[in-house]
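I opened the notebook with two topics in mind, a sheet with its helices and then a single side chain in a loop. The entries follow the order in which I looked things up.

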Amino acid sequence: MSRTIDAVVSPTQTNTIPADISGQMLDLDEDDDLEVFSKDSTLADGNMFNASMQTSPGSMVNQCKFEEDEEGDSKDIFITVDNPESHVTAIETFITYRVLTKTTRSEFDNSEYEVRRRYQDFLWLKGKLEEAHSTLIVHPLPEKFVVKGMVERFNGDFIATRRKALHKFLNRIADHPILSCSEDFKVFLSAQAWELTTYKKQGPGFLSRMGETVRAVANSVRGVKNRPEEFTAIQEYVEDFSNKISCLDKVTQRIVKEQKEYLEELKEYGPTYTLWSGSEEELAEQLKGVAGCIERCCKETEEQVGHLSDTLVPVLHEYVLCAETLKAVLRRRDNIQAEFEAKNETLATKKVDRDALKEEIDKLEDRVEWANNALKGDWGRWQRSMRGDLKSAFFSTAEKNVDYYEKCLAVWETFLLSQRTEPSEETDRDNTP
Amino acid sequence: MADAGNKESAPIGGDEFTNTELENNKNNTMVEEGSTLLRRMEISVAEAEKRTGKNTVNMQEIFTVYLIETRPIDAITEGHNPAPDSLWRRYSEFEILRNYLLVTYPFIVVPPLPEKRAEFVWHKLSADNMDPDFVERRRIGLENFLLRVASHSVLSNDKILYHFLTEEHRWKEVVYETGFQAKADSRIKALSATFRVKNPDKRFTEMKHYSDELQSLTSQLLRVRARVADRVYGVYKVHGNYGRVFSEWSALEKEMGDGLQSAGHHMDAYAASVDDILEEEERYADQLKEYLFYAEALRAVCRKHELTQYELETASSDLISKKQQREELATGMVRTFSFKGMTNKLFGQETPEQREAKLSLLEEQIVQGEETVTEKTVECEEYVKGAWVDMQRFKEQKDRDLREALIGYAVMQISMCKKGIQVWTNAKECFHKM
């Protein structure tokens, strides 16, 4: 990947920034910027794309290359999320999930870890990853609460769905060349419960986080002036994609609803034939036969609906959440650029320590470049994943539907065969187009 | 019941027919024993048209008329191809014909007409009598009615039926001249009256019970089937949204675009396919409906029997009581409590002249009563004979027809499954190409 500088902020711009905000920015930014985006000579080489993305200083173990590792790359970390368990304390009740990791990576002390994590822990991990890699695309977590439908948090289906989504979340991170090298990720997978609690308490404190928020708000208010065309294109795509995927999500849920209602009616339909057979002599056998066919089709329908709910619905839902993630990532990228542009303007317009400011601006410029390249790289990666996931989900659905109709066909054909005892009674009507 | 057993044959063509004719006759399954009208005449309800006219309260109305075409069979088999004779009839005229048949042959399970208004509809079907699909299904139902009547060993010989098929304008006058209307009114009253029969014929009681069951079972089945159809419609049509969204989405994507676009087309096809599927299933529903209405006709035959039996029992007990009275009057003995006996005790007996007058009146009444009882007994016996034969015929016909209907239903389901397999296989391939 070539190193291009997209920002075209002219140093001669005359817009001013309120002094007080910029002052705060300078104070609170420093540590974070230095950690993540420093041009410190301790890095192996000056190429930003091989920079270590560890959030804790000094931890330089892996120099993860931001290359695509689609084929031929052996997976060296396997994670499963299972075994939900309920925990009751005086204050609250919550669910933990077992997270089992098997890995050959050298930065892990052991090759196998078994820990228990609750939803909050996953949320924490996601937050940390997004903090450290604000323009990388982190796969979404299942939602905190389900708005419509189930109210009970501990409903069996809800837990099962959540578990699968958490499993996917961790595996996506494990597959990501940069995110999987995160120290936070490692700690999440390996630390015992008390260790994790201690670890969480480290890192940027409350004020630092506050500063982040203030800065983010200020940046979004400020807006970005010269967004590169490609990011505008991505943003437009994400808008449209978000609409389409939300639509598909709704349509699919509607289909599930209609299928379930169809199933309910079918369950009443078969018995009416059985009831009738009780009053007939010659016809009894045929009527019972039809009732049996309908009953078997009922079972197939139930299976088909289950498959739809298990396979297509969660994937579409995930990508609805993904679309929101993408929007957030684009916003963050914009903010980084906006900050750079603002500082540049300050340089041009205000009487400040030009050297210090210039140094800061250089760092911001690098930060912008890094952010843009990270996003560009991850964007391609995300598109490939999206295509793979959705293609596979729809394919699987179509396959199941074929299977469903084939099974129902067999049921009715068997019945028909049992009825055709005399050739003279055959009516050749089964070749309708 | 005046025409019961009257086997006057209609004067058309000869009575010869060969086996090939029988095979060529597409209504093979309906041909009955004996000489029926259908063997001599090809009948069809070919078309339906809308007309406007004034109704009984002198208001403009739109109604549908049906074209009845008839051709003599021997002319066809001789190699000629004569143009059919034809006339137009509306549904209400069919109703008149059927009411006439019901009254004239009460011991026959008279074939029903297709429904007057669309019942057991699911949401797509309008209950509108002008809806072209409804009109078409009604045309088929009316043709079915005529074919059944014309192939019935008893009904097919009726002159009024023949006139219905051949004389457009005078028919109504002729049918009203039979005076069936008055009988129709009293029939309706009788069928809904409550009375108790002392010695019911078990076979008829069972048959009546069966007719009640058949009615309730088929109507329940039709109701649930309509709900199922409604749901099927919903499922298929929602998939049409996939078509639209895939198409829109495909415009956004590079690699996935083609696959999505074609998958969308298949989703549209899937959604559209349900219309034909359900229209065909409507014919199955019609077959069930015919037997729902047949159940009513069967019940009416049983009820008429009960009525006849009741009338016989009443006439008999009347006769017995009259004879008893005569005996009492003759011997002066009061065997059972009677008002007469009471008044005799209270006010003294009547004069010998009074007694004589009463006795001769009673003798007259007894003679009449005996005649009535004899008539009624014969009536009852003939009714039972005729009805039992026709009920057996009906039972066999029902078993045959419904069996065929169930097989037809299975065939429809198979066709539906095959369409589903095709669409989703195609969609699967499109997704594969994404």
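**Sheet and helices of chain B**

I began with helix α4 (residues 91-104) of chain B, and found that it lies across β2 and β3 of chain B, running at about 90° to β3(B). I note here that I am working from a predicted model.

Next I looked up helix α6 (residues 159-166) of chain B, which lies across β1, β2 and β3 of chain B and runs at about 100° to β3(B).

I then turned to the sheet itself, where 3 strands of chain B form an open sheet in the order β1-β2-β3, with antiparallel pairing. I identified β1 (41-54) and β3 (85-90) of chain B as the edge strands, since each is recorded as pairing on one side only. For the twist I noted that neighbouring strands of this sheet are turned by 25° against each other on average, with direction ignored.

Within the sheet I followed one pairing, that of β1(B) with strand β2 (residues 60-72) of chain B, which is antiparallel and extends over 13 bridges. As a point of reference I looked up B:Glu49, whose bridge partner in β2(B) is B:Val65.

**A loop arginine in chain A**

I located A:Arg105 in the loop between β2 (93-103) and β3 (112-118) of chain A. Is A:Arg105 buried or exposed? I entered A:Arg105 as buried, because its relative accessible area is 14%, which falls under the 20% cut-off.

Finally I listed what A:Arg105 touches, leaving aside its neighbours within four places in sequence, and found contacts with A:Asp76, A:Ile77, A:Ala174 and A:Ser180.

Terms used: Residues are numbered from 1 along each chain as its sequence is written. Chains are lettered from A and ligands numbered from 1 in the order in which they are written. This is a predicted model: local features need pLDDT of at least 70, side-chain atom pairs count only at pLDDT 80 or more; totals for chains, interfaces and linings use all residues. Side-chain values use heavy atoms; hydrogens and water are left out. Two strands pair if DSSP finds at least two bridges between them. Helices (H or I, at least four residues) and strands (E, at least two) are DSSP runs, numbered from the N terminus. Axes are lines fitted to C-alpha atoms, for helices over the stretch in contact, and angles run from 0 to 180 degrees between N-to-C directions. Contact means heavy atoms within 4.5 Å. Buried means under 20% relative accessible area, exposed over 50%, partly exposed in between (1.4 Å probe, protein chains only).
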